[in-house]
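Q: Please take a close look at the enclosed space in this model, and then at the sheet and the helices that pack on it.

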Amino acid sequence: MYRIARREDLTPEIHLFEIEAPQVARKARAGQFVVIRIDERGERIPLTVADWDRDRGTVSVVFMEVGKTTRKLATLKAGETIANFAGPLGTPTEIENFGTVVCVAGGFATAIVVPVAIALKEAGNKVISIMGFRTKDLVFWEDRLGSVSDEFIVTTDDGTYGRAGVVTTPLTEVLERQGNIDRVVAIGPTVMMKFCAAATVPFGVPTIVSLNPIMVDGTGMCGVCRVTVDGATKFTCVDGPDFDGHKVDWAELMSRQRTYLEEEKLSLEKWRRDAASG
Ligand SMILES: Cc1cc2nc3c(=O)[nH]c(=O)nc-3n(C[C@H](O)[C@H](O)[C@H](O)COP(=O)(O)OP(=O)(O)OC[C@H]3O[C@@H](n4cnc5c(N)ncnc54)[C@H](O)[C@@H]3O)c2cc1C
Ligand code: FES
(Lines give C-alpha, C1' and ligand atoms only; values in the text may rest on other atoms or scores of the structure.)
(Ligands and ions follow the chains in the order given, each with its own letter.)
Protein backbone atom coordinates (compact mmCIF):
# COMPACT_ATOMS: atom_id res chain seq x y z
CA MET A 1 0.00 0.00 0.00
CA TYR A 2 1.17 3.52 -0.77
CA ARG A 3 0.49 6.23 1.82
CA ILE A 4 -0.56 9.76 0.90
CA ALA A 5 1.96 11.83 2.89
CA ARG A 6 0.45 15.17 1.88
CA ARG A 7 -2.57 16.46 0.01
CA GLU A 8 -2.84 19.95 -1.41
CA ASP A 9 -5.85 21.31 -3.28
CA LEU A 10 -4.34 23.50 -5.99
CA THR A 11 -7.80 24.51 -7.28
CA PRO A 12 -11.22 23.11 -6.35
CA GLU A 13 -10.80 20.34 -8.98
CA ILE A 14 -7.02 19.95 -9.24
CA HIS A 15 -5.21 18.19 -6.40
CA LEU A 16 -1.65 17.28 -5.49
CA PHE A 17 -0.91 14.03 -3.70
CA GLU A 18 2.57 13.44 -2.34
CA ILE A 19 2.85 9.66 -2.13
CA GLU A 20 5.35 7.58 -0.19
CA ALA A 21 6.95 5.47 -2.94
CA PRO A 22 10.73 5.31 -2.43
CA GLN A 23 11.41 2.95 -5.35
CA VAL A 24 9.65 5.27 -7.80
CA ALA A 25 11.21 8.39 -6.25
CA ARG A 26 14.69 6.93 -6.73
CA LYS A 27 14.33 6.65 -10.51
CA ALA A 28 11.71 9.24 -11.57
CA ARG A 29 12.62 11.70 -14.31
CA ALA A 30 10.75 14.55 -15.98
CA GLY A 31 8.15 13.34 -18.47
CA GLN A 32 7.61 9.89 -16.92
CA PHE A 33 4.38 8.66 -15.43
CA VAL A 34 2.99 6.18 -12.92
CA VAL A 35 -0.03 3.90 -13.20
CA ILE A 36 -2.13 3.96 -10.07
CA ARG A 37 -5.01 1.87 -8.77
CA ILE A 38 -6.98 3.13 -5.77
CA ASP A 39 -8.04 -0.31 -4.55
CA GLU A 40 -8.01 -3.86 -5.82
CA ARG A 41 -11.28 -3.42 -7.74
CA GLY A 42 -10.33 -0.05 -9.17
CA GLU A 43 -9.29 0.80 -12.74
CA ARG A 44 -5.72 1.72 -13.52
CA ILE A 45 -5.03 5.31 -14.54
CA PRO A 46 -1.80 6.97 -15.65
CA LEU A 47 -0.62 10.18 -13.96
CA THR A 48 2.60 12.02 -14.76
CA VAL A 49 5.16 12.64 -12.02
CA ALA A 50 5.04 16.32 -11.09
CA ASP A 51 7.78 16.26 -8.46
CA TRP A 52 9.86 13.82 -6.43
CA ASP A 53 12.01 13.88 -3.33
CA ARG A 54 14.62 11.13 -3.36
CA ASP A 55 15.56 11.76 0.31
CA ARG A 56 11.99 11.61 1.60
CA GLY A 57 11.16 8.79 -0.80
CA THR A 58 8.07 10.57 -2.10
CA VAL A 59 6.59 11.29 -5.52
CA SER A 60 3.98 13.98 -6.20
CA VAL A 61 1.23 13.66 -8.77
CA VAL A 62 -1.23 16.37 -9.73
CA PHE A 63 -4.57 15.30 -11.13
CA MET A 64 -7.74 16.91 -12.38
CA GLU A 65 -11.16 15.49 -11.52
CA VAL A 66 -12.71 14.44 -14.84
CA GLY A 67 -14.38 11.05 -14.35
CA LYS A 68 -15.05 8.28 -11.86
CA THR A 69 -11.51 7.32 -10.87
CA THR A 70 -10.13 10.84 -10.52
CA ARG A 71 -13.22 11.91 -8.54
CA LYS A 72 -12.88 8.87 -6.27
CA LEU A 73 -9.17 9.61 -5.84
CA ALA A 74 -10.07 13.16 -4.80
CA THR A 75 -12.07 11.80 -1.84
CA LEU A 76 -8.89 10.44 -0.20
CA LYS A 77 -7.16 12.35 2.58
CA ALA A 78 -3.55 12.60 3.74
CA GLY A 79 -2.68 9.48 5.74
CA GLU A 80 -4.90 7.19 3.64
CA THR A 81 -3.43 4.73 1.14
CA ILE A 82 -3.79 3.61 -2.46
CA ALA A 83 -3.28 0.00 -3.56
CA ASN A 84 -0.88 0.40 -6.50
CA PHE A 85 1.58 3.03 -7.64
CA ALA A 86 3.65 1.50 -10.47
CA GLY A 87 6.47 3.33 -12.17
CA PRO A 88 8.26 5.30 -13.28
CA LEU A 89 6.96 4.35 -16.74
CA GLY A 90 7.53 5.78 -20.20
CA THR A 91 10.53 7.45 -21.78
CA PRO A 92 11.78 10.57 -19.96
CA THR A 93 11.55 13.87 -21.81
CA GLU A 94 14.68 14.51 -23.92
CA ILE A 95 16.74 17.09 -22.05
CA GLU A 96 19.84 18.79 -23.45
CA ASN A 97 21.06 22.28 -24.17
CA PHE A 98 18.96 23.06 -27.24
CA GLY A 99 19.38 26.85 -26.89
CA THR A 100 16.05 28.64 -26.44
CA VAL A 101 13.02 26.50 -25.60
CA VAL A 102 9.39 27.61 -25.30
CA CYS A 103 7.41 25.55 -22.75
CA VAL A 104 3.64 25.75 -23.22
CA ALA A 105 1.40 24.44 -20.41
CA GLY A 106 -2.37 24.04 -20.50
CA GLY A 107 -4.41 23.76 -17.28
CA PHE A 108 -3.56 20.77 -15.05
CA ALA A 109 -0.55 20.00 -17.28
CA THR A 110 1.29 22.95 -15.74
CA ALA A 111 2.31 20.42 -13.07
CA ILE A 112 3.82 18.20 -15.77
CA VAL A 113 5.63 21.07 -17.49
CA VAL A 114 7.32 22.39 -14.33
CA PRO A 115 9.83 19.48 -13.91
CA VAL A 116 10.54 19.64 -17.66
CA ALA A 117 11.19 23.41 -17.50
CA ILE A 118 13.45 22.93 -14.44
CA ALA A 119 15.47 20.23 -16.22
CA LEU A 120 15.76 22.35 -19.41
CA LYS A 121 16.93 25.33 -17.37
CA GLU A 122 19.48 23.21 -15.50
CA ALA A 123 20.78 21.98 -18.87
CA GLY A 124 21.58 25.58 -19.84
CA ASN A 125 18.59 26.52 -22.00
CA LYS A 126 16.90 29.88 -22.09
CA VAL A 127 13.32 28.99 -21.10
CA ILE A 128 10.30 30.99 -22.23
CA SER A 129 7.08 29.71 -20.61
CA ILE A 130 3.48 30.25 -21.57
CA MET A 131 0.76 28.87 -19.31
CA GLY A 132 -2.94 28.99 -20.18
CA PHE A 133 -6.08 28.39 -18.12
CA ARG A 134 -9.80 28.73 -18.73
CA THR A 135 -10.22 31.30 -15.98
CA LYS A 136 -8.39 33.00 -13.06
CA ASP A 137 -9.66 30.60 -10.35
CA LEU A 138 -7.92 27.68 -12.07
CA VAL A 139 -4.44 29.24 -12.15
CA PHE A 140 -1.84 27.43 -10.02
CA TRP A 141 1.97 27.12 -9.81
CA GLU A 142 2.49 30.45 -11.50
CA ASP A 143 5.37 31.00 -9.04
CA ARG A 144 6.97 27.62 -9.74
CA LEU A 145 6.94 27.92 -13.52
CA GLY A 146 7.71 31.64 -13.42
CA SER A 147 10.79 31.16 -11.22
CA VAL A 148 12.53 28.87 -13.74
CA SER A 149 11.57 30.92 -16.79
CA ASP A 150 13.55 33.74 -18.42
CA GLU A 151 10.30 35.03 -19.86
CA PHE A 152 6.84 34.12 -18.62
CA ILE A 153 3.34 34.68 -20.02
CA VAL A 154 -0.01 33.70 -18.45
CA THR A 155 -3.24 33.58 -20.44
CA THR A 156 -6.86 32.95 -19.50
CA ASP A 157 -9.50 32.12 -22.09
CA ASP A 158 -11.96 34.58 -20.50
CA GLY A 159 -9.43 37.34 -19.80
CA THR A 160 -9.93 37.29 -16.00
CA TYR A 161 -6.16 37.02 -15.44
CA GLY A 162 -3.07 37.68 -17.55
CA ARG A 163 -3.58 38.00 -21.26
CA ALA A 164 -6.99 37.21 -22.69
CA GLY A 165 -7.17 34.33 -25.15
CA VAL A 166 -5.49 31.02 -25.84
CA VAL A 167 -1.80 30.08 -25.63
CA THR A 168 -1.24 29.84 -29.38
CA THR A 169 -1.45 33.64 -29.77
CA PRO A 170 1.58 34.46 -27.55
CA LEU A 171 3.32 31.35 -28.89
CA THR A 172 3.03 32.69 -32.45
CA GLU A 173 4.15 36.15 -31.30
CA VAL A 174 7.27 34.71 -29.62
CA LEU A 175 8.08 32.71 -32.75
CA GLU A 176 7.61 35.78 -34.97
CA ARG A 177 9.59 38.08 -32.66
CA GLN A 178 12.52 35.76 -32.01
CA GLY A 179 14.06 33.98 -34.93
CA ASN A 180 16.08 31.69 -32.70
CA ILE A 181 13.59 29.40 -30.99
CA ASP A 182 15.16 25.94 -31.02
CA ARG A 183 12.32 23.85 -29.58
CA VAL A 184 8.79 24.03 -28.28
CA VAL A 185 7.46 21.66 -25.61
CA ALA A 186 3.66 21.79 -25.43
CA ILE A 187 1.73 19.79 -22.82
CA GLY A 188 -1.97 20.10 -22.06
CA PRO A 189 -5.34 19.05 -23.43
CA THR A 190 -5.06 17.23 -26.77
CA VAL A 191 -6.70 20.05 -28.72
CA MET A 192 -4.21 22.56 -27.27
CA MET A 193 -1.22 20.41 -28.23
CA LYS A 194 -2.64 19.91 -31.72
CA PHE A 195 -2.96 23.66 -32.29
CA CYS A 196 0.45 24.43 -30.75
CA ALA A 197 2.01 21.93 -33.16
CA ALA A 198 0.13 23.53 -36.06
CA ALA A 199 1.34 27.00 -34.99
CA THR A 200 5.02 26.00 -35.11
CA VAL A 201 4.92 24.29 -38.54
CA PRO A 202 5.46 27.53 -40.55
CA PHE A 203 8.51 28.32 -38.39
CA GLY A 204 10.00 24.84 -38.70
CA VAL A 205 10.55 24.62 -34.94
CA PRO A 206 10.66 21.05 -33.53
CA THR A 207 7.63 20.64 -31.25
CA ILE A 208 7.38 17.97 -28.58
CA VAL A 209 3.99 16.99 -27.17
CA SER A 210 3.07 14.56 -24.37
CA LEU A 211 0.16 12.39 -25.49
CA ASN A 212 -2.58 11.13 -23.17
CA PRO A 213 -4.55 8.38 -24.91
CA ILE A 214 -6.52 5.74 -23.04
CA MET A 215 -4.08 3.36 -21.31
CA VAL A 216 -4.54 0.06 -19.51
CA ASP A 217 -1.34 -1.71 -18.50
CA GLY A 218 1.13 1.09 -19.25
CA THR A 219 3.85 -1.41 -20.14
CA GLY A 220 3.39 -2.10 -23.87
CA MET A 221 1.30 -5.27 -23.50
CA CYS A 222 -2.32 -4.36 -24.33
CA GLY A 223 -1.98 -2.03 -27.32
CA VAL A 224 -4.77 0.29 -26.14
CA CYS A 225 -2.53 3.36 -26.13
CA ARG A 226 -1.51 3.02 -29.79
CA VAL A 227 -1.11 6.20 -31.79
CA THR A 228 0.10 6.87 -35.32
CA VAL A 229 3.22 9.01 -35.56
CA ASP A 230 4.82 9.64 -38.95
CA GLY A 231 2.67 6.87 -40.43
CA ALA A 232 3.93 4.25 -37.95
CA THR A 233 2.08 2.68 -35.02
CA LYS A 234 3.57 3.61 -31.66
CA PHE A 235 2.62 2.62 -28.12
CA THR A 236 2.43 5.81 -26.08
CA CYS A 237 3.32 4.06 -22.81
CA VAL A 238 6.68 2.73 -23.98
CA ASP A 239 7.58 4.75 -27.11
CA GLY A 240 6.30 7.99 -25.51
CA PRO A 241 4.47 9.75 -24.03
CA ASP A 242 6.57 12.45 -25.80
CA PHE A 243 6.35 12.58 -29.59
CA ASP A 244 7.05 14.95 -32.47
CA GLY A 245 3.83 17.01 -32.58
CA HIS A 246 4.22 17.65 -36.32
CA LYS A 247 3.96 13.92 -37.03
CA VAL A 248 1.09 12.85 -34.74
CA ASP A 249 -2.17 11.72 -36.36
CA TRP A 250 -4.33 14.01 -34.19
CA ALA A 251 -7.68 13.03 -35.74
CA GLU A 252 -7.09 9.37 -34.95
CA LEU A 253 -5.93 10.14 -31.39
CA MET A 254 -9.00 12.27 -30.66
CA SER A 255 -11.32 9.66 -32.11
CA ARG A 256 -9.70 6.87 -30.03
CA GLN A 257 -9.95 9.01 -26.86
CA ARG A 258 -13.75 9.01 -27.35
CA THR A 259 -14.04 5.20 -27.63
CA TYR A 260 -15.44 4.60 -24.14
CA LEU A 261 -17.26 7.90 -23.63
CA GLU A 262 -20.64 6.25 -22.94
CA GLU A 263 -19.12 3.65 -20.57
CA GLU A 264 -17.17 6.39 -18.74
CA LYS A 265 -20.37 8.38 -18.28
CA LEU A 266 -22.32 5.37 -16.97
CA SER A 267 -19.47 4.43 -14.63
CA LEU A 268 -19.39 7.95 -13.14
CA GLU A 269 -23.18 8.03 -12.76
CA LYS A 270 -23.18 4.61 -11.01
CA TRP A 271 -20.37 5.67 -8.67
CA ARG A 272 -22.26 8.87 -7.78
CA ARG A 273 -25.47 6.87 -7.11
CA ASP A 274 -23.61 4.33 -4.97
CA ALA A 275 -21.81 7.10 -3.05
CA ALA A 276 -25.09 8.96 -2.43
CA SER A 277 -26.82 5.83 -1.11
CA GLY A 278 -23.84 5.14 1.21
C1 LIG B 1 0.74 9.19 -19.92
C2 LIG B 1 -0.42 9.93 -19.31
C3 LIG B 1 -0.19 10.82 -18.29
C4 LIG B 1 -1.26 11.52 -17.69
N5 LIG B 1 -0.97 12.40 -16.70
C6 LIG B 1 -1.98 13.05 -16.08
C7 LIG B 1 -1.72 13.93 -14.98
O8 LIG B 1 -0.57 14.11 -14.57
N9 LIG B 1 -2.77 14.56 -14.41
C10 LIG B 1 -4.06 14.36 -14.86
O11 LIG B 1 -4.97 14.99 -14.29
N12 LIG B 1 -4.33 13.53 -15.87
C13 LIG B 1 -3.33 12.86 -16.49
N14 LIG B 1 -3.62 11.99 -17.49
C15 LIG B 1 -5.03 11.75 -17.82
C16 LIG B 1 -5.64 10.81 -16.77
O17 LIG B 1 -5.06 9.53 -16.88
C18 LIG B 1 -7.16 10.76 -16.98
O19 LIG B 1 -7.69 12.01 -16.60
C20 LIG B 1 -7.80 9.66 -16.14
O21 LIG B 1 -7.46 8.41 -16.65
C22 LIG B 1 -9.30 9.84 -16.17
O23 LIG B 1 -9.90 8.77 -15.45
P24 LIG B 1 -11.39 8.93 -14.91
O25 LIG B 1 -11.92 7.56 -14.61
O26 LIG B 1 -11.44 9.92 -13.81
O27 LIG B 1 -12.16 9.58 -16.11
P28 LIG B 1 -12.73 8.83 -17.40
O29 LIG B 1 -14.02 8.21 -17.04
O30 LIG B 1 -11.68 7.95 -17.98
O31 LIG B 1 -12.95 10.10 -18.34
C32 LIG B 1 -14.04 10.96 -18.11
C33 LIG B 1 -14.13 11.98 -19.18
O34 LIG B 1 -13.09 12.94 -19.03
C35 LIG B 1 -12.42 13.11 -20.26
N36 LIG B 1 -11.03 13.40 -19.94
C37 LIG B 1 -10.06 12.51 -19.63
N38 LIG B 1 -8.92 13.17 -19.38
C39 LIG B 1 -9.19 14.49 -19.53
C40 LIG B 1 -8.44 15.66 -19.41
N41 LIG B 1 -7.15 15.63 -19.09
N42 LIG B 1 -9.06 16.86 -19.63
C43 LIG B 1 -10.36 16.92 -19.93
N44 LIG B 1 -11.13 15.84 -20.07
C45 LIG B 1 -10.55 14.65 -19.88
C46 LIG B 1 -12.59 11.80 -20.99
O47 LIG B 1 -12.49 12.01 -22.38
C48 LIG B 1 -13.99 11.43 -20.58
O49 LIG B 1 -14.94 12.07 -21.36
C50 LIG B 1 -2.58 11.31 -18.13
C51 LIG B 1 -2.83 10.40 -19.16
C52 LIG B 1 -1.76 9.72 -19.75
C53 LIG B 1 -2.02 8.74 -20.86
S1 FES C 1 -1.20 0.98 -22.22
FE2 FES C 1 -1.16 -1.03 -22.94
S3 FES C 1 0.30 -0.99 -24.54
FE4 FES C 1 0.35 1.02 -23.71
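A: In this predicted model, the count of cavities of 30 Å³ or more comes to one. The space in the largest cavity amounts to about 40 Å³. Its lining is made up of Ile-38, Gly-42, Glu-43, Lys-68, Thr-69 and Lys-72. By class, three of the lining residues are charged, two are polar and one is nonpolar. Glycine is counted among the polar residues here.

The sheet is a separate topic. Strands of a sheet pair through backbone hydrogen bonds, in parallel or antiparallel fashion. Here an open sheet of seven strands has the order β11-β10-β9-β8-β12-β13-β16, with mixed pairing. Its edges are β11 (163-164) and β16 (242-244), each of which pairs on one side only. Within the sheet, β9 (residues 126-133) and β10 (residues 151-156) run parallel and are joined by six bridges. In this part of the sheet, Phe-133 stands opposite Thr-156 of β10.

Two helices can be placed against these strands. Helix α5 (residues 168-177) packs on the sheet and touches β8 (100-106), β9, β10, β11 and β12 (183-187). The direction of α5 makes about 150° with that of β10. Helix α6 (residues 190-200) also packs on the sheet, where its contacts are with β8, β12 and β13 (207-210). For α6 the angle is given against β12, and the two directions make about 165°. Strands β8 and β12 are thus touched by α5 and by α6.

How values were computed
Residues numbered from 1 in each chain as written. Chains lettered and ligands numbered in written order. Predicted model: local features only at pLDDT ≥ 70, side-chain atom pairs only at ≥ 80, totals over all residues. Heavy atoms only, no water. 1 Å grid on protein atoms, 1.4 Å probe; cavity = no way out; pocket = protein on both sides within 12 Å on 5 of 7 lines; lining within 4 Å. Points joined across faces, edges and corners; volume = space filled by probe spheres on them. Pairing = 2+ DSSP bridges. Helix = DSSP H or I, 4+ residues; strand = E, 2+ residues; numbered from the N terminus. Contact = heavy atoms within 4.5 Å. Axes fitted to C-alpha atoms, helices over the stretch in contact; angles between N-to-C directions.
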